[in-house]
Amino acid sequence: MIVGIDLGTTHSLIGCYGDTGPQLFRNALGNYLTPSAVSVDEQGHVLVGEAARDRLISHPASSIAAFKRRMGTPRETQLGGRSFRPEELSALVLRSLLADAETALGAKIEEAVISVPAYFSDAQRKATRAAGELAGIKVERLINEPTAAALAYGLQERQEGSRFMVFDLGGGTFDVSVLEMFEGVVEVHASAGDNFLGGEDFLDVLQNACLTDLKLHADDFSPVERGSLRRRLEAAKRNLSQHGEISVETRTGKHEIKWHIDQERFASLAEPLMQRMRAPLERALRDARLHPEQLNEIVLVGGASRMPLVSRLIARMFGKLPLRHVNPDEAIALGACVAAGMKSRDATLEEIILTDVCPYTLGVEVGQRDARGNVQNGLFSPIIHRNSVVPVSRESSYWPMTEQQTALSLKVYQGENPLVNNNIKLGELDIPLNPALSVSQNEVVVRFTYDINGVLQIEATPKASGLRHELLLEQNPGTLSETELRTRLAALSELKIHPREKQENLALLARAERLFEEHLTSRQVLQQWIGQFRQTLESQDERLIQNHRQQFGSALDSLETQL
Amino acid sequence: MKWAFDLLGLPIDTDAASVKRAYARLLRNTRPDEDPEAFQQLHTAYKAALAHASNTSAPSQPTPESGSEAVTPRNEAATHPASPIRPAATISIAQPPASTVRPVIPAVNIPALANEVVQQATHVDDGNVMQQWLHDRQEFWSIAIKQQTGRLILQSLFKHPQAMSTESLDALLSFFDLDHVLSGINPIALQELRSRQLTLWQLEPHHHRELAREMQLVSGIRPRHGWIKSDLASLKKPLRWHEVMWKALVPGRVRNIGWLARIILGKGGVEELPPSIDRHHTYFWYRASTTGGVFTTPRLIIGAWRASILALTSGLLAMALLLPSLTNQVGATDASNRDGAIIIAFGVGFTPLVLWLFYLGCIWLDHWQGLPESAPSRRPWSRRLFIPALCGLGTWLYGLDATYAVSATIVFASLLLALRRWWRRTSKHYPRVQALVRSTRSGIAIIGVYAAMAMDRSQEAQSFVLPLAIAATLFIWLADTWRYRAQILPRFFQS
């Protein structure tokens with residue numbers, strides 16, 4: 001059985017393609033959405049999901065979320081005396097998801113399809129694969145998130161000959177894809193995006209505005225207070241979408257927070273973010289060679305697309321309102337499940353074929369002589385143009401700049417700018433040349449191959465010698481090497497992880513501890529409740545624990561609604 | 001085009017819907033994840049066939065230039081050109097579903113808007129201000145309007161270049177995503193557009209400071225602001241010879257105006273000159289300021305003019321100095337004195353002309369010998385064997401026991417030439433050593449000084465210096481030839 005996984009910035013989901021279509025699995029707490037948060041408790045046990053997210057507020061030093069944004073970088077995080085790479089944190093989330101799936105299916109899971117933002121770079125994709133391996137599964141395929149959402153949507157609608165745009169604004173990433181469905185073929189025409197734009201940025205805007213209005217500074221708060229304020233504002237952001245205006249009244253630390261904001265103000269604050277969304281939308285449409293009115297529908301997915309601002313943006317840009325037939329939180333995961341079903345050649349999906357594109361341009365640095373013989377260096381020479389259908393393999397010839405050149409330095413870049421300085425460098429390779437030959441004889445053929453999973457292979461062959469040189473992009477500091485991966489896997493399996501049965505209790509305790517941090521008034525009561533619940537847990541009487549859990553849960557619910 | 005339809009198993013000129021159906025059918029046997037190469041072929045054929053099918057089925061679509069009328073969202077469908085992948089059968093789906101409400105956008109006059117944007121860019125020098133202005137324009141939120149305006153702006157920038165700062169231009173290009181459009185076609189075109197707009201902007205009266213900075217950057221000389229101002233003014237008028245002659249006599253003036261002409265022409269090319277600049281006049285100075293082995297008519301004219309003025313003044317000066325002293329001598333007639341003075345003055349005056357011709361010859365020789373091996377040549381062997389021939393001549397004269405100074409001068413000239421040839425034909429960079437032998441003038445000076453010194457050196461000291469120089473010359477020349485053996489004798493040295 002291959003499962004489909006949506007490894008999101010804020011939430012992650014898992015599911016598979018069953019007899020009735022894609023189906024998602026619930027976690028230990030009975031939810032489809034598992035927060036992508038990791039925390040390490042005092043005993044060195046790892047907590048993932050709801051409990052970890054609550055501990056972000058009560059124990060900010062030993063908890064972390066939104067690490068998807070760091071994928072592909074070597075940045076490590078210190079949690080409970082141990083440092084984690086972003087891959088390892090993702091692997092912990094994946095393990096928790098897999099435990100849920102294994103409970104639901106009653107079988108061991110070894111393969112998965114994981115969704116990644118379409119605009120993820122080579123290093124980020126490799127990191128996601130590494131995370132899968134660290135979690136003990138084989139990543140059969142990486143599917144682009146908007147493509148996955150389109151698969152889910154397309155199968156649900158089954159509309160023939162339609163073109164649509166998927167607008168995916170998640171917690172941390174923004175992706176746009178233009179697709180067409182005909183005769184069972186799901187063809188992606190173009191993808192564009194921004195890897196650092198998502199719901200979290202809108203929350204940052206709100207937080208900054210709030211602090212500026214109240215003449216406060218982020219340093220005035222302890223990390224715990226800051227986390228608590230952020231949580232308040234996140235709730236406010238959600239309510240703002242529904243009510244049009246919202247008041248935040250709370251006491252955080254020694255500061256009284258009394259703040260009011262309406263939709264109009266929020267829109268003007270978020271204007272720079274909206275501006276950033278324009279370019280990917282326009283580019284995707286132009287690369288697909290379509291005009292706005294040729295699109296049948298615009299499908300919004302991703303939790304942050306619920307904001308009314310997004311609908312307004314679409315209306316302003318396309319002259320039509322977006323449709324939302326899909327659940328924005330679940331569409332990508334459902335699509336990943338469909339992709340998993342296709343990968344395992346499910347009979348009901350036999351007729352569906354998906355073709356995807358490479359969302360960015362890949363090329364090398366070149367120097368060029370202009371008409372007057374001046375040399376211009378640092379120019380970008382594309383080999384695979386963006387939005388080429390994948391798998392794709394292209395080659396291009398290059399010559400040395402001068403006579404007597406002994407080597408050709410091949411620098412590989414990804415990006416859209418004509419100057420390489422503004423693009424992302426992927427790797428570098430020196431190809432030895434025979435200096436006795438003239439410039440025209442020293443031709444080097446460079447071949448780029450970009451496969452269906454977004455993995456790039458580079459080969460360079462000097463024509464004179466015929467020797468093949470291969471560039472391994474693993475040397476990038478952002479990606480883990482094979483041996484490093486193995487040692488990390490061994491280290492990770494030594495970690496103690498709370499068993500799945502205990503999750504519910506732990507989540508409840510974490511929630512109570514978070515409320516304790518947030519609410520000054522009911523601290524004594526909460527402390528009492530926590531102590532009582534811990535006692536019950538120690539009794540190890542399953543029936544007793546269950547009863548107490550229900551009581552405790554509803555008590556916490558009422559406390560939270562009160563405040 | 002037939003190959004594409006053949007691969008899809010269709011007769012040529014099948015409509016787009018059938019092409020899609022055939023592609024979908026074939027795709028089941030060539031899945032992208034199973035057979036990448038066959039899939040690439042199939043997909044290329046599919047795209048080509050689809051483009052062909054939609055081009056032939058919709059030939060009467062309007063061109064992009066037809067955006068002259070006011071466009072509202074309602075008649076956009078009529079003014080847009082057909083996309084190559086727009087099949088005839090699915091045009092009806094372009095209507096939005098009835099449930100959605102279309103927000104009303106006021107009618108916009110696209111050409112006027114494009115014009116306004118270009119005008120704004122010419123007035124604003126600061127890129128951030130320009131970007132903010134563009135972001136604040138409500139019309140451009142609509143993709144349809146933005147696409148059309150961008151297209152018109154690009155056309156207008158190429159057809160009627162306007163002076164605008166690079167920052168402003170970049171803000172404009174990046175807002176309409178035109179830089180990506182251009183860099184996709186030809187990255188050099190984008191660079192040329194950018195530098196052309198920049199030149200136009202720098203030529204405006206209040207941007208001379210930027211022009212001077214640019215001149216200093218590319219030429220390394222410190223330009224004079226007063227000269228730039230007057231030269232720019234004169235470049236707007238036709239060429240007048242008295243002006244040329246006057247400017248040629250001021251030291252550094254030709255170089256200054258030459259670099260100015262170089263910047264004006266070197267960026268946009270002769271065709272792209274701003275209308276106010278006189279083309280022939282600018283081109284004259286551009287050609288007059290060439291250096292190295294490029295001999296143009298204006299350069300020779302100015303050189304000859306300078307040399308003859310120098311000859312005239314030095315001759316007159318010599319006469320003025322000599323005539324009084326000669327007339328005062330005892331025992332000589334007036335007439336013979338005058339004749340002697342005239343002859344001496346003529347000789348003094350003649351020297352600058354000879355020196356100038358010698359200088360030109362040296363430059364040419366240096367350039368000719370420094371050409372790369374791949375440079376086209378009618379008699380490549382004469383270029384390759386010139387140095388040993390020259391060196392041989394010197395040796396022969398030495399053996400003949402002719403004037404020692406002559407043979408030494410020739411041998412040392414060939415040594416210098418061999419050195420220059422080696423450095424000029426090497427791709428490696430040794431700034432310190434190269435600086436020593438870089439200038440042709442210093443080379444000529446060295447020969448002159450050596451020749452003068454050789455005349456009164458004792459025979460013993462010279463006996464080992466000259467053979468050493470001959471050996472060094474031949475060694476350097478051989479090393480240079482060995483470097484290029486594969487190109488000189490490809491049959492023997494190529495693997």
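**Exercise 1.** Determine how many salt bridges the rule finds across the interface of domain 3 of chain B and domain 4 of chain B.

*Solution.* Taking a salt bridge as a side-chain nitrogen of Lys or Arg within 4 Å of a carboxyl oxygen of Asp or Glu, the rule finds 0 across the interface of domain 3 of chain B and domain 4 of chain B. This is a predicted model, in which local features need pLDDT (the predictor's confidence in each residue, from 0 to 100) of at least 70 and side-chain atom pairs count only at pLDDT 80 or more, while totals for chains, interfaces and linings use all residues. Residues are numbered from 1 along each chain as its sequence is written, chains are lettered from A, and side-chain values use heavy atoms, with hydrogens and water left out.

**Exercise 2.** State what area domain 3 of chain B and domain 4 of chain B bury between them, and which residues of domain 3 lose the most.

*Solution.* With buried area defined as the accessible area (1.4 Å probe) that two parts lose on being put together, summed over both, the two domains of chain B bury about 580 Å², of which 80% lies on carbon and sulfur atoms. On the side of domain 3 of chain B, the most area is lost to domain 4 by B:Met245, B:Ala248 and B:Leu249, which together account for 62% of what that side buries.

**Exercise 3.** Assess the confidence of chain B.

*Solution.* The average pLDDT of chain B is 77, and 78% of the residues score at least 70. Over residues 59-104 of chain B, however, the pLDDT is below 50. The model as a whole scores ipTM 0.82 and pTM 0.75.

Methods. Contact = heavy atoms within 4.5 Å.
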